[in-house]
Amino acid sequence: MYRPVIVSRRSLPLWMIALIVIGVLAILGITIGLLVHFLAIENRIYYYRGSFKVLDIPYNKNYEKETSPENNYLSKILETEMSNAFESSNIYRQYINSQVITLVPENNNVNAHIWLMFRAPRAMKANTKGRIESILRQMLRKNSGPVRTDPESLTLTEISKADAEKIINNRCGRRARMSATYDRVKGGSSSQEGEWPWQASLKRNGKHYCGASLISERYLVTAAHCFKGTNNPKNYTVSFGTRVSPPYMLHHVQRIIVHENYILGQHRNDIAIIMLTEKVSFKNDVHRICLPEATQIFPPGEGVVVTGWGALSYEGEYPVLLQKAPVKIIDTAICNAEEAYGGMVEDEMLCAGYIEGNIDACHGDSGGPLVHPNSRNIWYLVGIVSWGVECGKVNKPGVYVRVTSYRSWIASKTGI
């Protein structure tokens, strides 16, 4: 006869049951705690765009131009007021950044379009937006500064990170990434990814030959002497990023415009424009530098930065990573002293570096940018690496094309 197997079941000891229950509860507690942490406590970054009206400003189309003195003056006032308002508020720990993106002049006022960046726990997201609006409205209501604003005109909308980056990257001279200091081109140091997003490598037959600066989706400026030997566009390509090889975002050249009055072997009018076959897609690590107005002044002693993949010393090795070096603009009279360049530096040129030498641009940096940040930390193209005697030599600082002197020429060739 078939007899099923009967398994006798024995109860677990009470201490073991208690241990299991405690373990399950502990796991549940940790899980719930983590969920609470990530959903309610952990800070996330939120982005906003908004606008408000600045009143009693006579119509002037220059407010719309992002590099005009009028735009920079009003934007600086508004950015300072916003920064002060948030940093003195009860959400100052959450505040990261606020910028004026564009100004749109109307009949008797200017619409200011702004961009803001905050950190906040998810659970406080709605409350944070409300606090931002309240602080901005209070700031606009005070009208204690040099401008009068309309608090009722304020609008504020949350936007995605992608949209926020697109807004910033479409403006000139802004940096998504930056180092805390300018470290020690000759006497330089390696740059971070995205630190100098307008820097380009001009390659001849696939090899780095000169530097260049991106000034729009399709145009770059560089030195005319970079095209000695050949100015056939088919021989050149342009790439970006910090690493000279392999090329990043490689672009082909459609047209090369060398200044009509440049004479090969001379230093005068050493400027050229590169037109690409296709538009550059602006990203955090690749976008344009601001061009200065023709009337903009960069006085002697002003701190500037030169970047490039040139030799690390005279007849020295070439770096793989983009180098940066802080230098200062030198008075032309000092540069033209007998012991220096003896009158060779003309009005359309400027000197930058140090009379005592050491830090300087070098071979391979030609055509690259010399840049300066204004009081809003927006970067302008001051000079183009042109010529010098060796690299970092005493009394022989680097000589650059003075971009303000060629501002109208650039506009006539590019429309920028």
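Author: A disulfide is a pair of cysteine sulfur atoms within 2.5 Å. Keep that cut-off in mind as we look at this predicted model.

Reader: Thanks! Which cysteine does a disulfide join to Cys 335?

Author: Let's use the cut-off, which asks for sulfur atoms within 2.5 Å. Here the S to S distance is 1.8 Å. Cys 335 lies in helix 5, and its partner sits in strand 14, 16 residues apart. The partner is Cys 351.

Reader: Are Cys 335 and Cys 351 buried or exposed?

Author: Buried means under 20% relative accessible area, and exposed means over 50%. By that scale, both Cys 335 and Cys 351 are buried.

Reader: Why is the disulfide of Cys 210 and Cys 226 left-handed?

Author: These two have sulfur atoms 2.1 Å apart. Cys 210 is in strand 7, while Cys 226 is in the loop between strand 8 and strand 9. The link is left-handed because the torsion about its S-S bond is about -100°.

Reader: What is the pairing of the bonded cysteines, numbered in sequence order?

Author: A search of the whole structure finds four disulfides. Among them is the link of Cys 172 and Cys 290, with sulfur atoms 1.9 Å apart. In sequence order, the pairing is 1-4, 2-3, 5-6, 7-8.

Reader: And which strand gives the most to the largest nonpolar core?

Author: That core has 47 residues, and Leu 220, Val 238, Phe 240, Ile 274 and Ile 410 have the most contacts inside it. Several elements give two or more residues to this core, including strand 9 and helix 6. The one that gives the most, with five residues, is strand 11.

Definitions and conventions
Residues are numbered from 1 along each chain as its sequence is written. This is a predicted model: local features need pLDDT of at least 70, side-chain atom pairs count only at pLDDT 80 or more; totals for chains, interfaces and linings use all residues. Side-chain values use heavy atoms; hydrogens and water are left out. A nonpolar core is a set of buried Ala, Val, Leu, Ile, Met, Phe, Trp, Tyr and Cys residues joined through side-chain atoms within 4.5 Å. Buried means under 20% relative accessible area, exposed over 50%, partly exposed in between (1.4 Å probe, protein chains only). Helices (H or I, at least four residues) and strands (E, at least two) are DSSP runs, numbered from the N terminus.
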